[in-house]
Structure formats: structure tokens, C-alpha cells
Amino acid sequence: MITTQNLTKRFGHVEAVREVSLDVREGDRYGLLGPNGSGKTTLVRMLLGLVYATSGSISVLGEPIPRRVSRVLPEIGALIEEPAAYPHLSGRANLRLLDAAGPHGSRRTRRRRVDEALEQVGLAGIDRRPVRAYSLGMRQRLGLAAALVRRPQLLILDEPTNGLDPRGIRDIRDLLIGLNDSGVTVFLSSHLLPEVSALCTRIGVLDAGKLVLQEQLASLQEPTGRVLVSTDDPERAVATLDGLVEHRDGADLVVRSPDPAALNARLVEAGVPVRSLSVQRRSLEEIVLEVTGAGSDQFGAVTPGGATPRNPPAHGGAPRPPIPPAPPAETP
Amino acid sequence: MIAVELFKLVRRLRTWVSIGLICALPLVVAIFIAVTHLAPPPGQGSAFLSAVLNEGQLYPAAALALVLPVFLPVAVAVMAGDSVAGEASSGTLRYLLARPVGRTKLLVAKLVAVITFAVLAVVAVTVTSYATGVLILGPSRAAAVGTPPGGISGSIAPGAGGAPTAGLQPGAAITSLSGTPLTTFELVERVLGAMAFITVSMLGVAAIALFLSTLTNSAIGAALGSLAALVISEILVTLNAASAVQPYLPTRYWLAWIDFFRQPIFWRDIQRGFAIQAVYVVVFLAAAWANFATRDITT
């Protein structure tokens, strides 16, 4: 659905996006993650033909961008940073106006499509109040409705749950999953890891303009081959497991073992009182922090050359839990 | 897209407030003149104003002369300066372009909306000032106020500077600036010609402001920039030392619409006025297009 090849954007001396080769497939719920200032928005704007690439190529729905924007964009619903609307007009009037402004917005079905989009985002009951009087969350929902009016096959959403309350975030997540089930590919950018974790099937991570990771979320979160054990008798557990314990923190142990059931049996047999036992998976936060450097909006993080220095690997950093990536040999 | 821009134009309160203000100035002037019976003497003050006490039906011409130098260009510059920059700073520009609206199409639609605004303003001024003239100043009161009949305007030669005045023949018919009478039909025809010319005269400002509007995200900056260009032009027009560049200044032929009220119509400056505005529109629209079509939209 979206492919970019070595996409680079320079603003003066600043390289906002560097050699990014994005690959979003049909049916994906793709989450583009990255700290503030990592180039997410610039990348999204390039996909929509708003910002022109310095080098590299973009293809969306199989057509080159920006050359064929007039063909491609009618099939796309977009939310670009914050939503924007004419404040003196009502939400309905805004959606109708935007629909009338471009191609593929049939006048005959406009009223119905606008009402449906408003219903989808939970704004079915809005009256004729001007957008000026809307709350932040209502504006965000209206922005999403604007993206849905033409029933697009691809949604490109920059920070879609910005400004929404927890309930709003869940509503939108359910909506996007529902749309995805009916065949809409969803590409969204966010710096909210829990949101992406709950919604996306595939992630890309941008750091200082570079795409440092692009993978199915499920394969990133495969069991690490370690089991987390919590016990009232850690001494005996360590003695029983003999060298399999990688890390001990009070009553909590990290045990190298591909088979949690066998491990449990062995502990119980040795009379170790097991309080809890769980397969270790890396959280999205760990995955992202491991591949990214300091946040790009962090003052002083940028070296004179313009590059952001990398933090030491995750297990070296004191505040981060000692979790190395899954060793492939240990999967059963 | 043009329909969308026109819808936005008419649904904006600002449109109607500025048109109201433009219409208010001639009304205020008319009230002062009607109350005091002190019109400027012929040859002084704003064009046609000396004659309106005698002939209320000439007030549209006087009103257009009042709003032309400042009010109308300010309003047009504000509209055109806001057209792209305003949408850029409010964020709606990126949604229009991602809709997608072609960038060239958007510029053309914006220009059409600004021209529509100028037409609306000129028509509104003409209509309200005609009503003002007839109701407040009264039609053909020449005999009543006892002005010396005729001849007061014949002294102005075509193309000469200064503020011309129109006079009255004894009787009723309105005279041209050349002293010969104009029929009502001719008067209507000439007022329409003057309205068209004044609207076209605003195109140069509109194109400059539209160009600046694509350069900056500040609507007020674009409007003030184009007004600065106009002020410079108006100063140079009166400066003898600048006579070499005067024929190319956007405001050089602004007053040529007065030539519609000569008998016969004196076409030379009118034609030049149309031509110079056409040049400004072509040059600045091309510049606006070249800049806008290649620009990164980062707001």
C-alpha cells in the first residue's frame, strides 16, 4: 500500500528524514513510532504530497507520489497533526465543504456519507454549533470523520488519539480495528506506545529521521526464552535451577528456560513455593527504547554533526530492565 | 473548488462587515454635506463631490471616488493577503491540498473569490450611494440651491490631473465633464463602465497580495506588504522625478475611470489602466504559482 525507497528530506542543513524505506502492506495496522522530532510528521506529509522529498521515491496504492496525488489522494483519508476546520462553520458544514472541494465526492451521496462518518466517530448528535465551540476531543473526532467521509481504502493518521480522553481513545481504537477488519489499511504515527501496542500489527520505529526498525509486532514480542519466577524461597530456587537463573532481584528471578511447564514442574518437585510464573515477552517500550537514541527534542542531545548519539544498549543502562533480545537457538 | 471558495466568502462575517464599512464612508460624507450644504468647491476635494449637492444621482460616482484610494484597496489586500496565508496558519490548507485540491486550482479559486469580493464591494457602494444620493441629497436640486448653471466642469481637459467635477445644464439633464448633457441611459452605461474599471483596478493589488500570501504564513504580513507596495506607487505617481517609471505603476491609471464621464469617453488612459492591471495580474499570479506549486506545506 505504501512503499518508500531511500526517502530523504532535508530542510536547509537539517536532515529530517534519512534514507527511509517504508513498507506498509495491504491489511496492515501499521504504527510508526518515534520520539518527538524524529521525522514522523515530515514523513506523513511526504506521503500525502504536501512536502516534496529531497531524494528517494514514494509509492502509495501503487502510484508514484507526488506525481499522481490527484489519483491517489481521493482514496485516502488523512489526519495530519492536529485537525483543522473553519471555526465559524458547523462540523457538518465543514465536512460537506471539504468533500465538495475535491474530486470523488459525489454530491448525491454527500449528506449521507457525512452523517455516516459523524456517526462512526461518535458525533452523530452534533447540532449546528460552530466548530469554534467544540472541545479538543470533539475536534479530534471531527478530524477523523473528515478522513472517513469518502470511505477510503487507506487511512494515514498522524497522532489520531491526540487530545482524547481514555474512553475516546478506546472508541477510536475499536473504530480503527473495525475498519481494518472490513479491509481498510491503517497507517498511523504516534509516540504513545500503549496505544500502538494495543492497536497495531506491525510497527516501524523512526529515530532521528532514520527507520531503525520495521517488523511484525507479534514476531518482536515472541517469548524471549526466559521465564519470570516469583517465589518466597529464592535461595532454594537458585540452588535447584543451578546456573539457569540469569538475574535475581529479591524474590523475583529471571530464569533461562524454553519450557515454562517443565520449569514449573521442576520447581514444585524441589519444594520451591512458586507464587507466580510467566513467560517473558519484551514490551513495546523495551523494543523501542532499545533501538532509539535520546529523544530528538531533548536539549543538548544533538551533536555538532547533527546526529543524535545512541544510548548504550538496553541492558547496560541502569534504569532499564536487563532483557536481551530473544536468542533464536532457544525457541523450542 | 470555486463554488467552495465563494461559499466560504459569503459565509464569513468579515466579508459583510468590510463591505458595510466601505459603504458607510460615503454615507457619512453625504450626511455632512446634506446637513451643512458645504460641498468642496469645483476642482478641489474628491472627484464629483462638488456636484452632488446639485445632483444627487451623481453621488455613486462621488462615492466610488471616495472609497477608491484607501478603503477598497485595503479591504481587497486584507482578503487576498489572508487567502492562502490564513488557511496555512489555521491548518486548513493542508487538508484542502490532501483532499486533494490542485495547487493551481486553489490559487485560481482564491483569486476568483477576491475578485468577487471586489465586485460585491463596488456594487454595494454604488447601490447604497445611489440611494443615499437620491434620499439624502435629493435628485436635481440645481434650481433650488441656485448654482450657476452649466460650464463649471468644462475647464478640465482630458487626461489632465486634478479632481474633476461635473456640472449641470440648466434644466435637468446631467452633464458630462466635457459639458455636454448625458442621457439617463448614458449615465447608467458610464457608471457601469466606471464600476468595471475600478474592480479591474483592484486586480493588481489582489495579485500582489495573493503572491505575498503564498510566501508567508502571516495573513497580516501579506496584506500590509501589498499595501506598502501601493503606498510607494501612490507616492511615486505624484513625484516628477519618478516620471520614467510612472507608466508602469499599479496606481498610475486608477483615476482614469473618471474619463468614462467625458463626452465622448476618453479611452486612452482607460485602456492603459486595463492593460497595466492585466500585466500585474499575469506577473504576480505566475510568481505566486511558481512559488506555491513547489513549496513544502509544513503548517
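These are my notebook entries on a predicted two-chain model, chains A and B.

**Entry 1: getting my bearings in chain A**

I started with the overall make-up of chain A. I counted up 11 helices and 15 strands there. Of its 332 residues, 40% are buried. I also looked at sequence separation: among contacts in chain A with a separation of 6 or more, 68% link residues 24 or more positions apart.

The domain assignment splits chain A into domain 1, residues 2-219, and domain 2, which takes in 222-281 + 320-330. I noted 42 Å between the C-alpha centres of these two domains.

**Entry 2: the open sheet in chain A**

Next I traced a sheet of chain A with 4 strands. It is open, its pairing is antiparallel, and its strand order is E13-E14-E12-E15. Which strands stand at the edges? They are E13 (245-249) and E15 (274-281), and each has a single partner strand, so one side of each has no neighbour in the sheet. The twist from one strand to the next averages 20°.

I then took a closer look at one pair. Strand E12 (residues 223-231) of chain A runs antiparallel to E15(A), with 6 bridges between them. One bridge I can point to has A:Pro223 facing A:Arg281 in E15(A).

Two helices lie across these strands. Helix H9 (residues 234-241) of chain A crosses E12, E13 and strand E14 (252-256), at about 170° to E13(A). Helix H10 (residues 260-269) of chain A crosses E12, E14 and E15, at about 155° to E15(A).

**Entry 3: a hairpin**

I moved on to strands E10 (residues 202-207) and E11 (residues 210-216) of chain A, which are antiparallel and joined by 6 bridges. They make a hairpin with 2 residues between the strands. In the turn, A:Ala208 has a positive phi of about 50°. Within the pair, I found A:Leu206 opposite A:Leu211 in E11(A).

**Entry 4: nonpolar cores**

Where do nonpolar side chains gather? The largest nonpolar core has 161 residues, and the members that touch the most others are B:Val52, B:Ala62, B:Val76, B:Ala206 and B:Leu210. Helix H8 (residues 184-215) of chain B gives the most to this core, with 15 residues. A second, separate core holds 8 residues, including A:Val227 and A:Leu253.

I picked B:Val52 for a contact check. Setting aside residues up to four places away in sequence, B:Val52 touches B:Ile33, B:Ala39, B:Leu58, B:Tyr59, B:Ala62, B:Gly133 and B:Leu137.

**Entry 5: where the chains meet**

The contact between the chains takes 22 residues from chain A and 23 residues from chain B. On the chain A side, helix H2 (69-72) and H3 are the elements giving two or more residues. H3(A) has the largest share, 4 residues. I sorted that side by residue class and got 17 nonpolar, 3 polar and 2 charged.

**Entry 6: two loop residues**

A:Pro103 sits in the loop between helix H3 (91-101) and helix H4 (107-120) of chain A. Is A:Pro103 buried or exposed? It falls in between: with 14 other C-beta atoms within 10 Å, A:Pro103 is partly exposed. Beyond its neighbours up to four places away in sequence, A:Pro103 touches A:Ser70 and A:Pro74.

In chain B I looked up B:Ser176, in the loop between strand E1 (174-175) and strand E2 (181-182). It has 21 other C-beta atoms within 10 Å, so B:Ser176 counts as buried. Leaving out neighbours within four places in sequence, its contacts are B:Leu182, B:Phe261, B:Arg262 and B:Gln263.

**Entry 7: backbone oddities**

One of those contacts came up again, since a cis peptide bond joins B:Gln263 to B:Pro264, with omega about -5°. B:Pro264 is in the loop between helix H9 (219-237) and helix H10 (267-293) of chain B. Chain A has a cis bond from A:Ile65 to A:Pro66, with omega near 10°. That proline, A:Pro66, lies in the loop between strand E6 (63-65) and H2 of chain A.

I finished with positive phi values outside glycine. A:Glu19 has one of about 50°; this residue is in strand E2 (residues 14-20) of chain A and is partly exposed, with 15 C-beta neighbours inside 10 Å. B:His37 has a positive phi of about 55° and lies in the loop between helix H2 (13-36) and helix H3 (59-67) of chain B. With 8 C-beta neighbours inside 10 Å, B:His37 counts as exposed.

Key. Residues numbered from 1 in each chain as written. Chains lettered and ligands numbered in written order. Predicted model: local features only at pLDDT ≥ 70, side-chain atom pairs only at ≥ 80, totals over all residues. Core = buried A, V, L, I, M, F, W, Y, C linked by C-beta atoms within 7 Å. Buried ≥ 20, exposed ≤ 12 C-beta atoms within 10 Å, placed from the backbone. Contact = placed C-beta atoms within 7 Å. Nonpolar A, V, L, I, M, F, W, Y, C, P; charged D, E, K, R; others polar. Pairing = 2+ DSSP bridges. Axes fitted to C-alpha atoms, helices over the stretch in contact; angles between N-to-C directions. Domains from an automatic or database assignment.
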